[in-house]
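Here's a quick tour of one structure, taking in a hairpin, a pocket and a core. Have the viewer open and follow along.

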Amino acid sequence: MSENRLRHLPAIDQLLRRAGLQSLIAAAGRDLVRDRLREVLAELRQELLSANGAATLPADTKTDAETDGEALAREIETRVQQRFLRRQQSQTQRVINATGVVLHTNLGRAPLSPAALTAITDIASGYCNLEYDLTTGQRGKRGTGLEQMWRELLGCEAAAVVNNCAAAVFLTLNTLAEGGEVIVSRGELIEIGGSFRIPDVIAKSGARLREVGTTNRTRLSDYEQAINEHTRVILRAHPSNYRITGFTEKPSLAELAALAKARQIPLFEDLGSGCLVNLQPLGIHDEPTVQESLAAGCSVVAFSGDKLLGGPQAGIILGQAELIKRIKTNPLMRALRVDKLAYAALEATVAAYASGRALTDIPTQAALHASQESLTQRARAFVRRARKLNTQLQFTLRDDASVIGGGTTPETKLPTTLICLASVHWTADQLETKLRQNSPPVIARIVEDQLAFDLRTVSPANEAELLSALQRLSAS
Ligand SMILES: *Cc1c(COP(=O)(O)O)cnc(C)c1O
């Protein structure tokens, strides 16, 4: 039946003459409009051929071919216009993270501090001294200012910055170990997710992996016995979101550093998160700080800019001047370096740590340090406001835990208070989908068949938007 309608579909040339498409043709050009028309025509052909597609098409009114052709042409015109509109909107959108996962890799990890945003706007809106020395008026080196900040903050000798921690690990191993061996404990041959696997990174860096010990136990003597004339680096990798518990053993970083020093081999630690703050008061006991690793005697450490540090995506490499110099002069450095925006945001982020304002000014740190008491108060106030909106939703509070994410201490949970939503009209899954389609999209959790918001990751400034999303939901 629908196959007959196929014959009513207008031809491209005919569609291109339609008055409704002339302004689009003038703006985007005839070729682009023709391309979109082809796509939409193909889509409609498919829909006419498949039974279920008929529902999305103008109904077959069984009128004459001309009238049906006009109805289909109008539909095509609308869809082409919508396609152009959709392409004008940016595809990467701001979302409200109501999951409580502080470092949510799928949601862009660390939000930046207001100071970092100001720095980005300032630097990006004009020219800057990225590679220009304002004292001499000569060409300068990228990252000199940030390197100085790291030295003052952590007492390290030198610093380099690349695109992310994966790049930092790769570049460090390629510089220090290409053609030689890298010693790693079998308990640290991990995959971090997103295809970052320690053995693969070592292989790609041009070095050979020398595994020592066993999955659960590796002794200092295992490292010692593996050292030979080909050894270039001893690698210690943070196990990230993986834990070995029970009958375990590994040498302390200081012991490993002493061995490395005695044998004149660099000890390189892939820290992953790059925490500068002691998180023990939060009950997090297995997240080493960058300061501890440097103090233990690591020659080089690498960590992410956008995990616990709370800055932009970057990979930070700190350590001995001689080694960092070799890393910086590796020809791959040019391919992995970061732009002026990353420097602007990193400098502002490091400045917050230097001035002791990190726990309040860095959103990631503020979210981690939010007490359950303060979250309960916010949740109560939110529910009071939500109830006034007559959303026909039921709200209850519930004690639960937030997850840190980003590979940080998978076992530690931060106590929180969830706002649970229930509806007589919709299931939790339906609520979740509707909120995800809000503008801005709201990403929430489902806990025991209830939709839940965790305000830990929602800034107070975004609570009004969250309330509007609920209001829109009940109006739909
Ligand atoms: C997260 C992580 C990485 C990768 O960091 P990116 O900045 O995402 O590239 C590398 N190593 C460890 C141990 C990690 O936890």
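Two strands count as paired here if DSSP finds at least two bridges between them. Keep in mind that this is a predicted model.

**The hairpin.** Strand S11 (residues 393-405) and strand S12 (residues 408-423) run antiparallel, with twelve bridges joining them. If you want one pair to click on, serine 402 has leucine 414 in S12 as its bridge partner. Two residues sit between the strands of this hairpin, and glycine 406 takes a positive phi near 60°.

**The second largest pocket.** This one holds about 580 Å³ of space. It's lined by 20 residues, and the closest to its centre are Lys141, Arg142, Lys328, Thr329 and Met333. Sorted by class, the lining looks like this:

| Class | Lining residues |
|---|---|
| Nonpolar | seven residues |
| Polar | four residues |
| Charged | nine residues |

Which elements supply at least two residues each to that lining? They are helix H7 (144-154), strand S4 (158-162), helix H13 (321-328) and helix H14 (333-336). H7 gives the most, with four residues.

**The largest nonpolar core.** There are 51 residues in this core, and Trp150, Val290, Phe303 and Leu318 touch the most other members. Helix H15 (residues 340-354) provides the largest share, six residues. Why does this core lie between domain 2 and domain 3? Because domain 2 (96-106 + 367-475) and domain 3 (114-358) both give residues to it.

Note on methods
Residues are numbered from 1 along each chain as its sequence is written. This is a predicted model: local features need pLDDT of at least 70, side-chain atom pairs count only at pLDDT 80 or more; totals for chains, interfaces and linings use all residues. Side-chain values use heavy atoms; hydrogens and water are left out. On a 1 Å grid over the protein atoms alone, a cavity is a set of points where a 1.4 Å probe fits but cannot get out, and a pocket is an open set with protein on both sides within 12 Å along at least five of seven lines; lining residues have an atom within 4 Å of a point. Grid points are joined across faces, edges and corners, and a volume is the space filled by probe spheres set on the points. Ala, Val, Leu, Ile, Met, Phe, Trp, Tyr, Cys and Pro count as nonpolar, Asp, Glu, Lys and Arg as charged, and the others, Gly among them, as polar. A nonpolar core is a set of buried Ala, Val, Leu, Ile, Met, Phe, Trp, Tyr and Cys residues joined through side-chain atoms within 4.5 Å. Buried means under 20% relative accessible area, exposed over 50%, partly exposed in between (1.4 Å probe, protein chains only). Domain bounds come from an automatic or database domain assignment.
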